[in-house]
Amino acid sequence: MATEKLFYENVYCKTFQAKVLSCAAGKHGFDVVLDKTAFYPEGGGQPGDTGYLADVRVTDTHEANGEIVHYCEKPLDVGSNVEGRIDWERRLSLMQLHSGEHILSGIVHRRFGYDNVGFHMGADMVTIDFSGVLTEEDLKAVEREANEVVWENREIKITFPSAQELEQIPYRSKKVLTGDVRIVTIENADICACCGTHVTRTGEIGLIKIFSCVKFHEGVRLEILCGMRAYEYVNRLMEQNRKNSALLSAKPTETNAAAERMAEELASVKYRVSQVENELFSLKAKAYAGENDVLLFESAMGPDAVRRFADAILAGCTGRIAIFAGDDETGYKYALCKKDGDLRETVKALNAACNGRGGGKPFFAQGSVQASRAQLEAFFASLG
Ligand SMILES: [Zn+2]
């Protein structure tokens, strides 16, 4: 006896009474089959339902060999009557996403003739792949029209047309279908063959939001969310913007302009710092002019500054120059150089002796070491 599909009779059925027809140990706990169920089995891009049968957790629902199988964490007595309860908020959000996806796909198909060639409901984002390219302007127009369909609260109808009727219906479908075809019609927006669960009026979707669009194969991949999931994600974005707004002392609608100003300021400060550093480096370098080997320890600076300092000394010094910037706690960045020299063996030995990494050209190497100043001094003393 095939399980009665309560999720098709009434898509809003949250709890129900059913009889356990079979229960067998499976890969996902216990596979339970009921005489009727409101648990939607994974299909058409929509994940299977979760919930409870009596007090036993249902972790997923799948259709296999024509049977709807509930993956249960514990066994249930065959022949017993159980109350089923689906995780309603999760299911409603999946229905909002699924119906929203149909609306977007229908609009893209009508406006541009592109097909939906991939649909994935991920934990964070839902993706839809289209067979052609959409511009930012196109996306704005599509999103706007999709939400107008929501605001107009149009009916979503499920029908099973005869083969003859079907020939006259311009419905979207991913494959050639035979037998009973379930058609989901969203008034003036989309007609599509689909086995999933949908809300009955578009108003229930609440919001359809496109978050990103990237090139994918010959077309594009969109990240979208609808309903509850869109609401929660927009809240997260707003929280980020609220914090940025406080940090930048800018109105929430003006954070980007403030961030741009800050980035410009930072770039000019960095430029000024490097100018001052260069002046300092050339002053300091004068003290080493004409010296042979130089070993210097400086406070922490970036690899670029270490390089510029080494360059400044190199200009007036013929010996081996070793600069270490940092401290014993966090390690040192180094530059090791010698005019027309070949320090490859020295660099190798330094890295080996002082827990370092780095390299470069024969006459100029850069890297870092995790060693103390005493260890480094001992290493250079050993070189003579
Ligand atoms: Zn569908």
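In this predicted model, Y52 is partly exposed, with a relative accessible area of 29%. The residue belongs to strand β5, a short run covering residues 51-53. Setting aside neighbours within four places in sequence, Y52 touches F39, R57, V58, E83, G84 and R85. One of these contacts has a particular geometry: the charged end of R57 sits over the ring of Y52, 4.9 Å from its centre. A similar arrangement turns up at F216, where the charged end of R221 sits over the ring at 4.0 Å from the centre. As for how far the model reaches from Y52, A371 is 319 residues away in sequence and 59 Å away in space, C-alpha to C-alpha.

Next comes the metal site. The zinc ion takes its protein donors from H98 (NE2), H102 (NE2) and C194 (SG), and these lie 2.1 to 2.3 Å from the ion. Along the chain, the donors follow the spacing H-x3-H-x91-C. The site thus pulls in distant parts of the chain: H102 sits in helix α2 (residues 88-112), while C194 comes from the loop between β13 (190-193) and β14 (208-216), 92 residues apart. H102 counts as buried because its relative accessibility is 2%. C194 is buried too, at 11%, so both values fall under the 20% cut-off.

Further along the chain there is an open sheet of 5 strands, in the order β16-β17-β18-β20-β19 and with mixed pairing. Its edges are β16 (294-298) and β19 (356-361), each of which pairs on one side only. From one strand to the next, the twist averages 15°. At the β16 edge, β16 and β17 run parallel and share 5 bridges, with V294 standing opposite I321 in β17. Helix α7 (residues 303-314) packs on this sheet, touching β16, β17, β18 (331-338) and β20 (364-369), and its direction makes about 30° with that of β18.

Strand β17 also holds R320. What does R320 touch, leaving aside its neighbours within four places in sequence? The list runs to N292, D293, V294, C337, K338, L343, F380, L383 and G384. And is this arginine, R320, buried or exposed? At a relative accessible area of 13%, R320 is buried.

F380, one of the contacts of R320, leads on to the aromatic rings. The model has 13 aromatic pairs. Among them, F324 and F380 meet edge-to-face, with 5.8 Å centre to centre and 70° between the planes. F324 lies in strand β17 (residues 320-327) and F380 in helix α9 (residues 373-383), so this pair ties together parts that are 56 residues apart in sequence. Both of these rings belong to buried residues, F324 and F380. F380 has another edge-to-face partner in F379, at 5.2 Å centre to centre and 85° between the planes; F379 is likewise buried. Taken together, ring pairs join F297, F324, Y332, Y334, F379 and F380 into a cluster.

Definitions and conventions:
Residues are numbered from 1 along each chain as its sequence is written. This is a predicted model: local features need pLDDT of at least 70, side-chain atom pairs count only at pLDDT 80 or more; totals for chains, interfaces and linings use all residues. Side-chain values use heavy atoms; hydrogens and water are left out. Donors are N, O and S atoms within 2.8 Å of the metal (3.2 Å for Na, K and Ca); water is not among the atoms, so sites may look incomplete. Helices (H or I, at least four residues) and strands (E, at least two) are DSSP runs, numbered from the N terminus. Buried means under 20% relative accessible area, exposed over 50%, partly exposed in between (1.4 Å probe, protein chains only). Rings of Phe, Tyr and Trp (its six-membered ring) pair if their centres lie within 6.5 Å; planes under 30 degrees apart count as stacked, over 60 as edge-to-face and the rest as tilted. A charge sits over a ring if NZ of Lys or CZ of Arg is within 6 Å of the ring centre and within 35 degrees of the ring normal. Two strands pair if DSSP finds at least two bridges between them. Axes are lines fitted to C-alpha atoms, for helices over the stretch in contact, and angles run from 0 to 180 degrees between N-to-C directions. Contact means heavy atoms within 4.5 Å.
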